[in-house]
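Good morning, everyone, and thank you for making time for this. Please take a look at the chain on the screen before I go through it.

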Amino acid sequence: MTNPKKRGRTPQPPPVPPQARRVPGADLLSAAQAAVGAAQSAAGQAIDAAQQTAGYAFDAAVRLPPASAQLAAQLPDLVENLSIAVDRLNSTIDRLDRTLALADPVFATYDRLLPRLEAMISLGEDLFGALAKLPGVGLIGRFTGRGGEEPPPESEKRRRR
């Protein structure tokens, strides 16, 4: 007989200690435990933050003057009224745009007509200036009541005579 220990023996792996053995699903279990720990930590932080925020809100509510509380209560109505006012303003602006579009030809006509009117006024002033220099025009103006100079009032001595 041959000794099996010496011939044809294959090397065996070293024995694994019992606590380091791989159990199926051990990785999944450790990952789940880590996730539970992280969730508990996040929940604790969220609760702390919520308590702190609630404390700040309570402090602000206690210190909030009644007028500010009343204004905060009226805020939705104010926003709605502002929205209505903006809508009315937009419709008014649209109406004004349409009106100005209709009046645009009139403004263009005024632009063409005004220089001619200014020239006629200037010509009339020049004409009156030239006529005022003619001899005897002042006398005619006094007779017609259109003269620039009024005769001096008669003294009382002349009226008595």
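I will begin with the model itself, then turn to the helices and the surface.

This is a predicted model, in which local features need pLDDT of at least 70 and side-chain atom pairs count only at pLDDT 80 or more, while totals for chains, interfaces and linings use all residues. Residues are numbered from 1 along each chain as its sequence is written, and side-chain values use heavy atoms, with hydrogens and water left out.

The mean pLDDT, the predictor's confidence in each residue from 0 to 100, is 77 for the chain, and 69% of the residues reach 70 or more.

As for secondary structure, the chain has four helices and zero strands, taken as DSSP runs numbered from the N terminus (helices H or I, at least four residues; strands E, at least two). Among these elements, H2 has the highest mean pLDDT, 90, and H4, residues 156-160, the lowest, 58.

H2 has 67 residues, yet its end C-alpha atoms are only 80 Å apart, short of the 99 Å of a straight helix, where the expected span is 1.5 Å times one less than the number of residues. Within H2, a kink of about 45 degrees lies at Leu75, shortly before Pro76, the bend being the angle between axes fitted to the seven residues ending there and the seven starting there.

Finally, of the 161 residues, 1% count as buried, meaning under 20% relative accessible area with a 1.4 Å probe, protein chains only.

Notes. Buried means under 20% relative accessible area, exposed over 50%, partly exposed in between (1.4 Å probe, protein chains only).
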